[in-house]
Amino acid sequence: MDDEKAPAGIDPTIPSVARMYDYYLGGKDNFASDREAAENFIKVLPGIREMARSNRAFLSRAVSEIAGRGVRQFLDIGSGLPTQENVHQVAHRIIPDARVVYVDNDPIVMAHGRALLEDNPHTTVVQADMREPKALLDHPDIQTKIDFNQPVAVLLLAMLHFVPDDGDATAIVAAIREKLAPGSYLILSHAYAGDVSEEKHARGQEVYRTTATGSLTSRGPGHLAAYADGLEVLDPGIVPVQAWRPEFDGDAEYDLGKPNILGVVARVP
């Protein structure tokens, strides 16, 4: 995108985590500031593009699994810019009338999402912030589309690591879990630094401090286990996203000493 095409209220000189992610995935919906910040992070973590693609593939496999179990409602919090294999495209291959709500706080995500879904009666896009989970869940457009008395799959993919305080991140998950009926699912993924050096970790955090979100926090398997405590965790448990029911046997092998994005899928009993 050209800077002069920024929607009203958007400062194209401040990087956006959604547009940086779009850049990692090879998308075009980003500004020069996003590309510069993303390239700076790539210098710190050269594998971030592959991690982003693996996270997207995890979304596809997890949504396919849950739709195959009969869940007809999906709430994607922090959905980011539309790309290939969005939640509704995956779910509708299995359940053509599955209801899907995308949530993001980036106005550019809103504009692109609404344009993409204009003629889709089963899917909508809502502007809300996961850092205010009660307001998000009570949003009238979400309440209209999602029946929380029935099973729903909630996706929080590569989002909680933008919440720096552990207590705040836990509270977001707790507020969402409190709303879910039995038979619902949580699909979570989260950045994990592994055993990278403190110097490299600090450099990566410095890049994300320049963004509108302002932070990037690594959390490990123990945190994800706490988020899913009391739920039925689907096999293979908490693993790097490429190792969650992979298409290729080689992807099932991983080293938790290396930086990655961890994923988990859990069912509300």
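The second largest cavity in this predicted model is lined by Ala 18, Tyr 21, Asp 22, Leu 25, Arg 56, Ser 79, Gly 80, Leu 81 and Thr 83. Its volume is about 40 Å³. If you trace the walls, helix H1 (residues 17-24) gives the most to this lining, with three residues. Sorted by class, the lining of the second largest cavity holds four nonpolar, three polar and two charged residues.

How do we come to see such spaces at all? Rolling a probe the size of a water molecule over the atoms shows where empty space is left. Searching the whole structure in this way turns up two cavities of 30 Å³ or more. The largest cavity holds about 110 Å³ of space. Its lining is made by 13 residues, and those closest to the centre are Ser 79, Gly 80, Pro 82, Tyr 102 and Gly 113. Ser 79 and Gly 80 may look familiar, since they also belong to the lining of the second largest cavity. Helix H5 (residues 107-116) supplies the largest share of the lining of the largest cavity, three residues. By class, that lining divides into seven nonpolar, five polar and one charged.

Now move to strand E1 (residues 73-77), where you will find Gln 73. Is Gln 73 buried or exposed? Gln 73 counts as buried because its relative accessibility is 2%, and the cut-off for buried is under 20%. Its neighbours farther along the sequence include Arg 99, Lys 145, Ile 146, Gln 150, Pro 151, Val 152 and Ala 153. Asp 147 is also touched by Gln 73, and here the side chain of Gln 73 reaches the backbone nitrogen of Asp 147 at 2.6 Å.

Notes. Residues are numbered from 1 along each chain as its sequence is written. This is a predicted model: local features need pLDDT of at least 70, side-chain atom pairs count only at pLDDT 80 or more; totals for chains, interfaces and linings use all residues. Side-chain values use heavy atoms; hydrogens and water are left out. Helices (H or I, at least four residues) and strands (E, at least two) are DSSP runs, numbered from the N terminus. Buried means under 20% relative accessible area, exposed over 50%, partly exposed in between (1.4 Å probe, protein chains only). A polar contact is a pair of N or O atoms within 3.5 Å; within protein, one must be able to donate a hydrogen and the other to accept it, and residues adjacent in sequence count only if both atoms are side-chain atoms. Contact means heavy atoms within 4.5 Å. On a 1 Å grid over the protein atoms alone, a cavity is a set of points where a 1.4 Å probe fits but cannot get out, and a pocket is an open set with protein on both sides within 12 Å along at least five of seven lines; lining residues have an atom within 4 Å of a point. Grid points are joined across faces, edges and corners, and a volume is the space filled by probe spheres set on the points. Ala, Val, Leu, Ile, Met, Phe, Trp, Tyr, Cys and Pro count as nonpolar, Asp, Glu, Lys and Arg as charged, and the others, Gly among them, as polar. Lists of a residue's contacts leave out its neighbours within four places in sequence.
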